[in-house]
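Student: I should like to work through this model step by step. May we begin with how its strands pair?

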Amino acid sequence: RRHTRLQGDWSSDVCSSDLWLYGRVDVRARLPIGRGTWSAIWMLPEVGGYGDGGWPDNGEIDIMEHVGYDPTRIHSTVHTNAANGLRNNASGSALEQPDVQDEFHVYSVEWTPRSIRMYMDERMVHEVNSTSNDWRIWPFDQPMHLLLDRKSTTSELQSPCNLVCRL
């Protein structure tokens, strides 16, 4: 279990013990079917050195998020102190893909000191580039864990989530 400021506790089905700083990560996944599901492939730092040390000051990279009530759409987002879900101004994009619950797809991130690019099957979903050295805008210069989540808030889960990770 980990704790993030304002987000409470969270747990992950898989949390990498290794920390990553830059590079490419590919995760092959077929997503679960059912209202109330929330699958995510994301990254968070182990210990944050910015602000109060918590979220969103130290950044979050959502390589892929999928919510069961919107079964044909995946989201890729980054959160920072300056732009995040609490402020309703996080930097993100969505992609329509009707078969994410039927077929395996590869979700990827390419992370460099100045950019983050997220893909589904090599199609770019979202790109964000550093425009500042201010940590409030670009905290993505510290190692992060890879997290694979499959949450269900309902008994309507109709299929397993299958995740295969290549780091």
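Tutor: We may, bearing in mind that this is a predicted model. A convenient entry point is Trp111, whose bridge partner in strand 10 is Ile116.

Student: How many residues does the hairpin use to join strand 9 to strand 10?

Tutor: Strand 10 covers residues 115–120, and strand 9 covers residues 105–111. The two pair in the antiparallel sense over 5 bridges. The hairpin joins strand 9 to strand 10 through 3 residues.

Student: Which residue of strand 9 stands opposite Arg28?

Tutor: Strand 4, residues 23–30, is joined to strand 9 by 7 bridges, and the two run antiparallel. Opposite Arg28 in strand 9 stands Val106.

Student: Is strand 9 largely enclosed or largely open?

Tutor: A residue is called buried when its relative accessible area is under 20%. In strand 9, 5 of the 7 residues are buried, so the rest of the structure leaves this strand largely enclosed.

Student: Is Glu60 buried or exposed?

Tutor: Glu60 lies in strand 6, residues 60–67. Leaving aside neighbours within four places in sequence, its contacts include Trp42, Leu44, His79 and Phe140. Because its relative accessible area is 9%, Glu60 is classed as buried.

Student: Which side chain makes a polar contact with the side chain of Glu60?

Tutor: Trp55 is one of the residues in contact with Glu60. The polar contact, at 2.6 Å, is made with the side chain of Trp55.

Student: What percentage of the residues in the chain is buried?

Tutor: The chain has 0 helices and 13 strands. Of its 167 residues, the buried ones make up 46%.

Conventions
Residues numbered from 1 in each chain as written. Predicted model: local features only at pLDDT ≥ 70, side-chain atom pairs only at ≥ 80, totals over all residues. Heavy atoms only, no water. Helix = DSSP H or I, 4+ residues; strand = E, 2+ residues; numbered from the N terminus. Buried < 20%, exposed > 50% of the residue type's maximum accessible area, 1.4 Å probe, protein only. Polar contact = N/O pair within 3.5 Å; in protein donor to acceptor, adjacent residues only side chain to side chain. Contact = heavy atoms within 4.5 Å. Pairing = 2+ DSSP bridges.
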